[in-house]
Amino acid sequence: AMEVEEQLGRTAGIGALERKTGRIYLLYVEDYAQAEKHFQLARDAYVKAKVEKGIDEATLELGLGAERQGRLDDAKKIYLGVYDRVIARKDVPLQGKSALFLANVAWLTADYQTAFARVRETRRLGEETKDLRLQFLSRSTEGLVQWTLNDYERAVALQTEALALAKQLDS
């Protein structure tokens with residue numbers, strides 16, 4: 001597939017394939033060096049093709065690689081860079097995604113005020129855009145933060161809401 005995209009001169013298509021390959025290494029093989037290599041190749045392809053959304057998606061995935069390796073400061077810096085760019089160009093879906101990633105890093109670093117602020121931003125954006133996936137992820141993430149803070153009643157309520165939204169995603 002990569003050769004076909006190259007022969008046709010579809011640089012953005014190469015970026016998409018490199019992102020898919022990177023996600024396989026990130027999520028299934030857990031070879032973070034290979035994942036980062038492919039995410040970087042994807043970003044380079046999107047830069048060449050001048051596809052801003054692709055550049056930012058691949059950059060977020062570079063942040064996920066850093067996050068998975070425990071390089072949380074690096075991940076936060078990457079996510080903030082994307083967040084600032086997508087706000088500037090008013091890309092609301094990517095704003096929600098990057099806010100969610102920032103919420104996760106804040107949660108993992110015990111910065112709970114920031115985690116709550118970012119997850120609630122994600123929830124608001126999901127509701128404004130009617131993006132059920134963002135609504136689901138925001139409630140689930142907020143539930144995990146509440147669980148970490150020993151508010152089990154609120155955590156269960158949020159996870160129950162998340163489950164109801166997940167069922168809507170499957171239908």
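**A guided tour of an all-helix chain, from surface to salt bridges**

Begin with the whole surface: the protein chain exposes about 9400 Å², of which carbon and sulfur atoms supply 54%. Such accessible areas come from the Shrake-Rupley method with a 1.4 Å probe, and for residues only the protein chains shown count as cover. The model is a predicted one, in which local features need pLDDT of at least 70 and side-chain atom pairs count only at pLDDT 80 or more, while totals for chains, interfaces and linings use all residues. Residues are numbered from 1 along each chain as its sequence is written, and side-chain values use heavy atoms, with hydrogens and water left out.

Next, switch to a cartoon view. The protein chain contains 9 helices and 0 strands; helices (H or I, at least four residues) and strands (E, at least two) are DSSP runs, numbered from the N terminus. The radius of gyration, taken over C-alpha atoms, is 17 Å for the protein chain, close to the 16 Å that the globule rule gives for 171 residues, so the chain is as compact as a globular protein of that length. That rule is 2.2 Å times the number of residues to the power 0.38. Along its principal axes, the C-alpha trace spans about 55 × 35 × 30 Å.

Now colour by burial. Buried residues make up 42% of the 171 residues, where buried means under 20% relative accessible area, exposed over 50%, and partly exposed in between (1.4 Å probe, protein chains only).

Then display the charged side chains. There are 19 salt bridges, each a side-chain nitrogen of Lys or Arg within 4 Å of a carboxyl oxygen of Asp or Glu.

Select Asp56 and Arg89, whose side chains meet in a salt bridge (2.5 Å, N to O). Asp56 lies in helix α4 (residues 52-68) and Arg89 in the loop between α5 (72-88) and α6 (92-108), so the pair ties together parts that are 33 residues apart in sequence. Asp56 is buried at 0% relative accessibility, whereas Arg89 is partly exposed at 27%.

Move to helix α7 (residues 112-129), where Glu121 and Arg118 lie 3 residues apart, about one turn of the helix. Their side chains form a salt bridge (3.5 Å, N to O), and both residues are buried.

Finally, select Glu142 and Arg123, which are joined by a salt bridge (3.8 Å, N to O). Glu142 lies in helix α8 (residues 132-148) and Arg123 in helix α7, so this pair ties together parts that are 19 residues apart in sequence. Glu142 is buried, at 2% relative accessibility.
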